[in-house]
Amino acid sequence: MPADDALMREALAQARLAEAAGEVPIGAIVVVGGDIAGRGFNRPIGDRDPTAHAEIVALRDAAARVGNYRLTGAALYVTVEPCLMCVGAAVHARIERLIYGASEPKAGALGSAVDALSTPGLNHRFAVTDGVLAEECGALLQAFFRARRSGSVT
């Protein structure tokens, strides 16, 4: 879908901000009513906050702008499959849809490592679209970790 591609490019721009800050390059945006209501990129190192993942930062930004922690009807775009914490935050925010780029085989919680949405007792679930600009999203991460292993990124 062209709209998903264009919005994922906005999340990729956030991921590049993370990379420029020396963080793992993951970016996210929250779309409400067709407009970007929240933006975020990975910041746990800089913020000294283990919860400062791109998705959490974007959800916090959107909630502040909307004036409600419930983001009913919102779509969350993220460059990499979210971890369990971030899927939990999306459930609590009551988003309608989550769209991600690259799969994350080690910690992805939407089917790669675990399927968090199949947890019994959840009071909310959302639609998932995977693989949007997956190659570009994955390449950004691979280049970052390749540079880190070679010693050119700290």
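Which residue in strand 2 does Ile29 stand opposite? In strand 2, Ile29 stands opposite Arg39. The legends below describe close-up views of a predicted model.

**Figure 1. Overall fold of the protein chain, in the predicted model.** The protein chain holds 5 helices and 5 strands, and their succession along the sequence is α-β-β-α-α-β-α-β-β-α. Along the principal axes, the C-alpha atoms fill a box of roughly 45 × 35 × 30 Å. The radius of gyration is 14 Å, which agrees with the value near 15 Å for a compact globule of 154 residues. Of the 154 residues, 47% are buried. Among contacts between residues at least 6 apart in sequence, 56% join residues at least 24 apart.

**Figure 2. The open sheet of 5 strands.** The strand order is 2-1-3-4-5, and the pairing is mixed. Strand 2 (35–41) and strand 5 (127–129) are the edge strands, each of which pairs on one side only. On average, neighbouring strands of this sheet are turned by 20° against each other, direction ignored. Strands of a sheet pair through backbone hydrogen bonds, in either the parallel or the antiparallel sense. Both senses appear here: strand 1 and strand 2 pair antiparallel, whereas strand 3 and strand 4 run parallel.

**Figure 3. The hairpin of strand 1 and strand 2.** The two strands are paired in the antiparallel sense over 6 bridges, with 2 residues between them. In the turn, Gly33 has a positive phi of about 60°. Two cross-strand positions mark the register: Val30 stands opposite Gly38 in strand 2, and Ile29 stands opposite Arg39 in that strand.

**Figure 4. Strand 1 and its pairing with strand 3.** Strand 1 (27–32) is joined to strand 3 by 4 bridges, and the two run antiparallel. The bridge partner of Ala28 in strand 3 is Val78. Because 5 of the 6 residues of strand 1 are buried, this strand is largely enclosed by the rest of the structure.

**Figure 5. The parallel pair of strand 3 and strand 4.** Strand 3 (residues 75–80) and strand 4 (residues 97–102) are joined by 5 bridges. Within this pair, Tyr77 has Ile99 of strand 4 as its bridge partner.

**Figure 6. Helix 3 against the sheet strands.** Helix 3 (residues 54–66) lies across strand 1, strand 2 and strand 3. The helix runs at about 140° to strand 2.

**Figure 7. Helix 4 and its packing surface.** The buried residues of helix 4 are Cys86, Val87, Ala89, Ala90, Val91 and Ala93. These buried residues pack against helix 3, strand 3 and strand 4. Helix 4 is followed by Arg94, whose phi is positive, near 65°.

**Figure 8. The largest nonpolar core.** In soluble globular proteins, nonpolar side chains tend to be buried together. Of the 32 residues in this core, those touching the most other members are Val30, Leu59, Leu76, Val87, Ile95, Leu98 and Phe126. At least two residues each come from strand 1, helix 3, strand 3, helix 4 (84–93), strand 4 and helix 5 (134–150). Helix 4 gives the most, with 6 residues. Apart from this core lies another, of 15 residues, including Ala11, Ile29, Val132 and Leu140.

**Figure 9. The surroundings of Leu76.** Residues up to four places away in sequence are not counted here. Leu76 then touches Ala28, Ile29, Val30, Glu55, Leu59, Ala90, Ile95, Arg97, Leu98 and Ile99. Leu76 is also one of the residues that touch the most other members of the largest nonpolar core.

**Figure 10. Cysteine residues in a structure with 0 disulfides.** Cys86 is in no disulfide, and the nearest cysteine sulfur, that of Cys83, is 3.8 Å away. A disulfide requires the two sulfur atoms to be within 2.5 Å. Cys86 has a relative accessible area of 1% and is therefore buried. Why does Cys137 form no bond with Cys86, the closest cysteine by sulfur position? The two sulfur atoms are 15 Å apart, which is too far for a bond. Cys137 also counts as buried, at 1% relative accessibility.

Note on methods: Residues are numbered from 1 along each chain as its sequence is written. This is a predicted model: local features need pLDDT of at least 70, side-chain atom pairs count only at pLDDT 80 or more; totals for chains, interfaces and linings use all residues. Side-chain values use heavy atoms; hydrogens and water are left out. Two strands pair if DSSP finds at least two bridges between them. Axes are lines fitted to C-alpha atoms, for helices over the stretch in contact, and angles run from 0 to 180 degrees between N-to-C directions. Contact means heavy atoms within 4.5 Å. A nonpolar core is a set of buried Ala, Val, Leu, Ile, Met, Phe, Trp, Tyr and Cys residues joined through side-chain atoms within 4.5 Å. Buried means under 20% relative accessible area, exposed over 50%, partly exposed in between (1.4 Å probe, protein chains only). The radius of gyration is taken over C-alpha atoms; the globule rule is 2.2 Å times the number of residues to the power 0.38.
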